[in-house]
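Reader: Could you take one part of this and go over it closely with me? I'd like to start with how you look for disulfides, and then see what surrounds the place where you looked.

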Amino acid sequence: MTEWTKKTATLNTGAKIPLVGLGTWQSPPGAVEKAVEAALRIGYRHIDTALAYDNEAEVGKGIAASGVPRSEIFITTKLDNPWHKRVSEGIASSLSSLGVGYVDLYLMHWPSSTRPDDLSKHHDDWDFIKTWAEMQKIPSTQARAIGVSNFGITNLEKLLSAPTTTVVPAVNQIELHPNNPSPKLVAYNTNKEIHTTGYSCLGSTNSPLHKDPTLLDIAEKTGRTSAQVLLKWGLQKGWSVIPKSVTESRIRENFELDGWDLEEEDVERLSGLKDRFKVCGDAWLPVKVFFGDDE
């Protein structure tokens, strides 16, 4: 049986990304530092944060408090939308907040170049293609790999066909769970040698997913929590997962993934769920970024 918690995927840069990480989106202030420290002590080696989460400094403190050497930890952070014209300042700000010399992965958080003076408006003279051109200039001493997040096929096609694009994103981090499975988009990523990371992999706290009879049946049959089943579904489908929690018992539970697998039939049953919902849409952005092209 696979030791999933020690398993990595090889990025198109040759770097290895641990398949199980700790997400920190919407983690309340004051709880993130302890969550990160606990996760690293439990054995996690992949921590995901973002400038927009306003918790990079806490994440950095948790990393320092854990005693785990920096070289053993894979850190991902992200460029915030209003910083698209200030890429070098954005990465410098994140490194300073985290208290580290480099990140392993730096993602463009959204394909939206939002105006800092008015978050309801998009820059007239800038777009994500120009942002990516700037990200390609980040020295590898600051970011070992660069990638994107919340890119569907439409925007990936635009990015990859742009004459200024010389680096294929190492990762596309997208919302992935059985009610937003995005099979076409995952296959597109894989075909382009872009690794897929799934966020909101447990749905969300109040999502209908956790009451789904198929999921509850599989959890009962395997003697696992519904969260563990959802994480294993993602891992067996081939992407990395970054479950978020600030509760130490749940952080530990979400890491208990070794020595068991879902039967292929159960993976397919989850993949076949008909309900659809997104935790994170694009209505709050000044531009549309989701075009229904993911399945």
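Author: Sure, and let's begin with the word itself: a disulfide is a pair of cysteine sulfur atoms within 2.5 Å. Keep in mind that what you're looking at is a predicted model.

Now, how many disulfides does a search of the whole structure find? Zero. Cys280 shows you why: the closest cysteine sulfur to its own belongs to Cys201, and that one is 13 Å away, too far for a bond. Go the other way and you get the matching answer, since the closest cysteine sulfur to that of Cys201 is in Cys280, again at 13 Å. With a cut-off of 2.5 Å, a pair like that doesn't count as a disulfide.

Are these cysteines buried or exposed? Cys201 is buried, with a relative accessible area of 3%, and Cys280 is buried too, at 11%.

Let's see what company Cys280 keeps. The largest nonpolar core has 79 residues, and Tyr106 and Met135 are the ones that touch the most other members. Apart from that core lies another one, of seven residues, and Cys280 belongs to it, along with others including Tyr199, Ile242 and Leu285.

Next, step along the chain from Tyr199 to Ser200. Ser200 sits in the loop between S11 and helix H7, which covers residues 213-222. Its backbone has a quirk: Ser200 isn't a glycine, yet it has a positive phi of about 50°. That's worth a second look because most residues other than glycine have a negative phi. Ser200 is also buried, with a relative accessible area of 13%.

If you'd like something to set beside it, try Glu193. This residue has a positive phi of about 60°, and it isn't a glycine either. You'll find Glu193 in the loop between helix H6 (183-191) and strand S11 (195-199). Here's the contrast: Ser200 is buried, whereas Glu193 counts as exposed, at 59% relative accessibility.

Ser200 also takes us to the largest pocket. Rolling a probe the size of a water molecule over the atoms shows where empty space is left. The largest pocket has a volume of about 910 Å³. Its lining is made up of 42 residues, and the ones nearest its centre are Trp25, Gln26, Ser200, Gly203 and Lys244. As for helices and strands, H8 and H9 are the elements that give two or more residues to that lining. What kinds of residue line the pocket? There are 18 nonpolar and 19 polar ones, plus five charged.

Let's follow H8, since something happens there too. Side chains of opposite charge can pair when their charged atoms come close. Lys232 forms a salt bridge with Asp261, and their closest N and O atoms are 3.6 Å apart. This pair links distant parts of the chain: Lys232 is in helix H8 (residues 226-237), while Asp261 is in the loop between helix H9 (248-253) and helix H10 (264-271), 29 residues away. Lys232 counts as buried, at 0% relative accessibility, but Asp261 is partly exposed, at 27%.

Now compare that with a pair inside one helix. Glu37 and Arg41 meet in a salt bridge, with 2.9 Å from N to O. They're four residues apart in helix H1 (residues 32-42), which means about one helical turn separates them. In this pair Glu37 is partly exposed, with a relative accessible area of 21%, and Arg41 is exposed, at 54%.

One more pair, if you have the patience. Glu3 forms a salt bridge with Lys6, the closest N and O atoms lying 3.4 Å apart. Glu3 is partly exposed, at 45%, and Lys6 is exposed, at 61%.

Salt bridges can also join up: Asp217, Lys221, Glu263, Asp266 and Arg269 are linked in a network of them. The count for salt bridges comes to 16. So we started from a search that gave zero disulfides, with Cys201 and Cys280 too far apart for a bond, and ended up with a good number of charged pairs to look at, 16 salt bridges by count.

How values were computed. Residues are numbered from 1 along each chain as its sequence is written. This is a predicted model: local features need pLDDT of at least 70, side-chain atom pairs count only at pLDDT 80 or more; totals for chains, interfaces and linings use all residues. Side-chain values use heavy atoms; hydrogens and water are left out. A salt bridge is a side-chain nitrogen of Lys or Arg within 4 Å of a carboxyl oxygen of Asp or Glu. Buried means under 20% relative accessible area, exposed over 50%, partly exposed in between (1.4 Å probe, protein chains only). On a 1 Å grid over the protein atoms alone, a cavity is a set of points where a 1.4 Å probe fits but cannot get out, and a pocket is an open set with protein on both sides within 12 Å along at least five of seven lines; lining residues have an atom within 4 Å of a point. Grid points are joined across faces, edges and corners, and a volume is the space filled by probe spheres set on the points. Ala, Val, Leu, Ile, Met, Phe, Trp, Tyr, Cys and Pro count as nonpolar, Asp, Glu, Lys and Arg as charged, and the others, Gly among them, as polar. A nonpolar core is a set of buried Ala, Val, Leu, Ile, Met, Phe, Trp, Tyr and Cys residues joined through side-chain atoms within 4.5 Å.
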